[in-house]
Amino acid sequence: IGRELIDRCIKAGILYESTPYHNAVFVGKDHSGEPRFACARGPIGDFKRDVTGSDTRFGFILPPVSQAGSSMLAVFESPIDALSHTELTGQDCYRLSLAGTANIALLHFLEDAHTQGHPRINHISLCLDNDAAGLTASAGIKHLLEQDSRFAHIAVSHDQPRLGKDYNEALLAH
């Protein structure tokens, strides 16, 4: 992940380093900018933990750079995959981490889009992991969105990484 993207996240208050363990902490905020969710990820090994008291409706969101926003939303299982996708594709869109495969943060994002200042999303790219859990969740989310009339205007695509289990593995192999 490049320094420019890391600095962008730090400036937005959605990424910081914890002490004393130097974990990366990814923050999800509500529409007023208040932190409501945080997850810590260790720089070495497989340390992963949601911060106690986190509200899973408020996933990590990386907004587009453009002031005009975007009508596209890319959805990931983890913040690091969202950042890796940014580096790989350069697409200027909203990116949302579900903090796993549950659809709670996605539904909240879509239902609360007006109060959060997001434009009307008309395309969702499901970029969940290329494994059994990710593929199952992607199919379930696509079906859910297609069956809910509130989201009938949204095109949904599956865009798992072509290489590796997730977008971070794809970036590392790039």
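**Largest pocket, central sheet and an enclosed helix**

In this predicted model, the largest pocket has a volume of about 720 Å³. Its lining comprises 31 residues, of which Ala24, Phe26, Arg41, Gly42 and Ile80 are the closest to the centre of the pocket. Several elements of secondary structure contribute to this lining, with α1 (3-12), β1 (15-17), β2 (24-29), β4 (48-50) and α2 (79-89) each supplying at least two residues. When the lining of the largest pocket is divided by class, 13 of its residues are nonpolar, 7 are polar and 11 are charged.

An open sheet is formed by 5 strands in the order β5-β7-β6-β8-β9, and the pairing within this sheet is mixed. The edges are occupied by β5 (61-62) and β9 (155-158), each of which has a single partner strand, so that one side of each is left without a neighbour in the sheet. The pairing of β5 with β7 is antiparallel and extends over 2 bridges, with Ile61 standing opposite Leu96 of β7.

Strand β6, which spans residues 72-76, is flanked in the sheet order by β7 and β8. It is joined to β8 (residues 123-126) by 4 bridges, the two strands running parallel, and within this pair Met72 stands opposite His123. A further 4 bridges join β6 to β7 (residues 94-97), again in a parallel arrangement, and here Arg95 of β7 is the bridge partner of Ala74. The chain passes from β6 through α2 to β7, and the resulting β-α-β crossover is right-handed. The helix of this crossover, α2, is also among the elements that supply at least two residues to the lining of the largest pocket.

The covering of β6 extends along the strand, as 5 of its 5 residues are buried. In a regular strand, the side chains alternate between the two faces of the sheet. For β6, both faces are covered, with Met72, Ala74 and Phe76 buried on one side and Leu73 and Val75 buried on the other.

Burial was also examined for helix α3. Of the 8 residues of this helix (residues 104-111), 6 are buried, and α3 is therefore largely enclosed by the rest of the structure. The buried positions of α3 are Ala105, Leu106, Leu107, His108, Phe109 and Leu110.

Conventions: Residues numbered from 1 in each chain as written. Predicted model: local features only at pLDDT ≥ 70, side-chain atom pairs only at ≥ 80, totals over all residues. Heavy atoms only, no water. 1 Å grid on protein atoms, 1.4 Å probe; cavity = no way out; pocket = protein on both sides within 12 Å on 5 of 7 lines; lining within 4 Å. Points joined across faces, edges and corners; volume = space filled by probe spheres on them. Nonpolar A, V, L, I, M, F, W, Y, C, P; charged D, E, K, R; others polar. Buried < 20%, exposed > 50% of the residue type's maximum accessible area, 1.4 Å probe, protein only. Pairing = 2+ DSSP bridges. Right-handed = clockwise from strand over helix to strand, strands pointing away.
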